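Hello,

Here is the structure I promised to pass on to you. Please open it beside this email, and then read on for what turned up in it.

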Amino acid sequence: VGSEMCIRDSTIIYGATTWLKDRGIDSTIEAVNINILNGSFALVNAHGSKDGQNLFHVGLIDVHWRWTPLSKKTIDITNIELDNLVVNIEQYSDEILVGGVHIPLGSEGAETAEEIEKELAKPWSASLGEVLFTNLNICYLDNANVYAEASSTANTIDYCTNLTEMSWGGTISYAKDPDKPESSDLILSSTGDFKLNGLTVKDNKLDKILLASSTNTLNNVVITGLNNIHIDVIEMNELSALQRDDADHKDAVRFQQLSLKDINVNDLNSITIDSVDLKDPGLYVVRLSDAEWEYHQWLPAASINNEQAEVDTVEQATAFKFTVNDILISNADFCYLKETDNLYYCFMQENMSWDGTVKAESGSDQTLLDIKGDLRFTNTNVNNPKLKRDLVNIESIALNKLNVTDINDISLDNLAVNKFTALQRSEEKSDATLAFSSLTIDKSSYTKNNIAIDTITLAGLSSTL
């Protein structure tokens with residue numbers, strides 16, 4: 001031990017590599033450094049293999065902490081950095097393998113529920129500062145058999161996840177509520193920004209990408225107990241999911257950007273979102289037969305077989321409230337293909353904008369709605385790509401002062417539809433079976449078994465049979 005109060009790494013390296021060797025794993029560790037005075041631990045370039053097969057690799061683990069808060073029964077981790085982690089995790093019915101290390105399930109050495117409860121009763125607090133994970137490659141396999149009898153045909157899940165960067169900049173703490181000093185209860189609190197960049201999840205069974213996303217951020221995440229959560233902005237960019245073998249439709253789900261602003265979660269049963277902005281959303285749905293959909297290939301076999309059973313055993317939902325204000329969806333592109341009937345339609349729309357408030361509350365016998373605002377659509381098109389014909393084309397639709405207080409109580413001040421064409425007859429876009437230049441409906445309402453309309457004005461009607 002020197003003036004820096006450092007522990008030399010040779011003893012730790014020898015102990016770790018010997019422990020792994022006893023389990024049949026050949027390993028190397030470049031360095032392990034522990035600085036007692038400064039409160040730091042670092043592991044550099046650890047690698048494990050068995051019979052020539054790589055089991056794990058860790059480029060860097062670097063952890064820093066403060067000793068002083070321990071006197072107040074607080075664990076204070078100021079910084080964690082993890083780089084270049086490669087590890088395989090395999091779960092079987094009787095054990096889990098993590099980086100080649102066997103961990104029995106249900107072992108006798110496991111803590112009892114009573115022991116865990118006693119530990120949780122001790123009022124220790126914890127605090128976490130900066131976190132940075134980079135270049136992660138984690139594979140997870142779930143097999144229904146015991147390890148000794150496992151075969152690839154029993155694999156229910158076989159995923160590999162690659163992540164370029166995950167970071168947290170701020171603080172996370174688990175401590176007493178400062179507003180309730182007399183209470184010994186600990187609450188979770190945080191303030192900071194979260195980033196998740198360069199995410200790819202691959203399904204090895206299908207050899208296809210399940211999910212990919214370029215950048216994701218959560219700005220100013222403020223948590224004061226799980227009953228009070230606020231986030232300034234959630235932004236997700238370049239999402240692609242359910243890869244397809246089709247150059248024209250390379251994925252089943254996608255969007256360029258999703259932005260949610262001013263999100264508040266209260267009591268875990270109430271969500272409020274000030275605005276939603278979705279750019280370039282796409283959906284490609286393929287129905288292979290009456291009972292089979294293309295997305296079924298992505299589901300574990302047990303999930304497909306139990307779909308109906310899960311529907312039949314759904315428990316009554318607890319009360320839940322949802323509120324959203326402004327919504328903007330740009331350049332939507334949704335397609336539906338039914339292969340058995342050669343039925344193929346695509347829906348495209350330049351813009352859908354909602355300026356108002358949508359409130360929904362569930363948990364009672366029926367869902368309660370309260371909707372007030374203006375809804376507008378521009379350049380809406382439904383077409384058949386195989387026939388290269390438009391089913392419907394509409395320049396604009398506007399619903400002004402829409403008011404919904406119940407599913408059987410709806411009113412609308414004005415509906416305006418401009419430049420409508422339907423059932424395109426030839427390659428000329430203007431050659432339609434039915435068309436009109438404008439449709440206006442004023443002062444309309446719906447109540448149960450009753451529809452009332454003040455005036456209807458239709459201009460420029462034409463039809464060609």
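Let me start with a small puzzle: does Lys419 count as buried or exposed, going by its relative accessibility? Lys419 has a relative accessibility of 52%, and because the cut-off for exposed is over 50%, Lys419 counts as exposed. Please keep in mind that this is a predicted model.

**The chain as a whole**

The protein chain has 465 residues, and 33% of them are buried. Its secondary structure consists of four helices and 23 strands. The chain exposes about 27500 Å², with carbon and sulfur atoms supplying 55% of that area. If you take the contacts between residues at least 6 apart in sequence, 54% of them join residues at least 24 apart.

Phe133 gives you an example to look up. Phe133 sits in strand S8, and its C-alpha atom is 4.7 Å from that of Leu82, although 51 residues separate the two along the chain. Setting aside neighbours within four places in sequence, Phe133 touches Ile80, Leu82, Thr164, Glu165 and Met166.

**Two disulfides**

A quick reminder before you look for them: a disulfide is a covalent bond between the sulfur atoms of two cysteines.

The structure holds two of these bonds. One joins Cys139 to Cys160, with 1.9 Å between the sulfur atoms. This pair links distant parts of the chain, since Cys139 belongs to strand S8 (residues 125-143) and Cys160 to strand S9 (residues 155-176), 21 residues apart. Both Cys139 and Cys160 are buried. Why is this disulfide called right-handed? It is because the torsion about the S-S bond of Cys139 and Cys160 is about 105°.

The other disulfide is formed by Cys335 and Cys346, whose sulfur atoms are 2.0 Å apart. Cys335 is in strand S16 (residues 320-338) and Cys346 is in strand S17 (residues 343-362), so this bond ties together parts that are eleven residues apart in sequence. Here the S-S torsion is about 110°, so the disulfide of Cys335 and Cys346 is right-handed too. Cys335 is buried, and Cys346 is buried as well. Counting bonded cysteines along the chain, the pattern of the disulfides is 1-2, 3-4.

**Nonpolar cores and a surface patch**

Next, the inside. The largest nonpolar core contains 42 residues, and Phe56 and Leu260 have the most contacts within it. Apart from neighbours within four places in sequence, Leu260 is in contact with Asp232, Val233, Ile234, Ile273, Ser275 and Val276. There is also a second, separate core of 18 residues, and Phe377, Ile394, Phe420 and Leu439 are among them.

Nonpolar residues turn up on the surface too. Ile36, Trp67, Leu70, Ile75 and Trp124 make a nonpolar patch of about 430 Å². Within this patch, Leu70 is found in the loop between strand S4 (53-66) and strand S5 (74-91). Leu70 counts as partly exposed because its relative accessibility is 33%.

**Salt bridges**

A search of the whole structure gives 16 salt bridges. Here are three that you can find for yourself.

Back to Lys419 from the puzzle: this residue forms a salt bridge with Glu395, and their closest N and O atoms are 3.6 Å apart. The two come from distant parts of the chain, with Lys419 in strand S20 (residues 409-424) and Glu395 in strand S19 (residues 389-406), 24 residues apart. Glu395 has a relative accessible area of 35%, so Glu395 is partly exposed.

Another salt bridge pairs Asp431 with Arg425, at 3.0 Å between the closest N and O atoms. Both partners are partly exposed: Asp431 has 23% relative accessibility, and Arg425 has a relative accessible area of 39%. Elsewhere, salt bridges with shared partners join Arg244, Asp246 and Glu294 into one network.

Inside that network, the side chains of Asp246 and Arg244 meet in a salt bridge at 3.4 Å, N to O. Are these two residues buried or partly exposed? Arg244 is buried, because its relative accessible area is 13%, whereas Asp246, at 24%, counts as partly exposed.

Enjoy exploring, and write back with any questions.

Best wishes

Note on methods. Residues numbered from 1 in each chain as written. Predicted model: local features only at pLDDT ≥ 70, side-chain atom pairs only at ≥ 80, totals over all residues. Heavy atoms only, no water. Disulfide = S-S within 2.5 Å. Buried < 20%, exposed > 50% of the residue type's maximum accessible area, 1.4 Å probe, protein only. Contact = heavy atoms within 4.5 Å. Patch = residues over 30% accessible without salt bridge, like charges linked within 9 Å, V, L, I, M, F, W, Y side chains within 5 Å. Areas by Shrake-Rupley, 256 points an atom, 1.4 Å probe, with all protein chains shown as cover. Salt bridge = Lys/Arg side-chain N within 4 Å of Asp/Glu carboxyl O. Core = buried A, V, L, I, M, F, W, Y, C linked by side-chain atoms within 4.5 Å.
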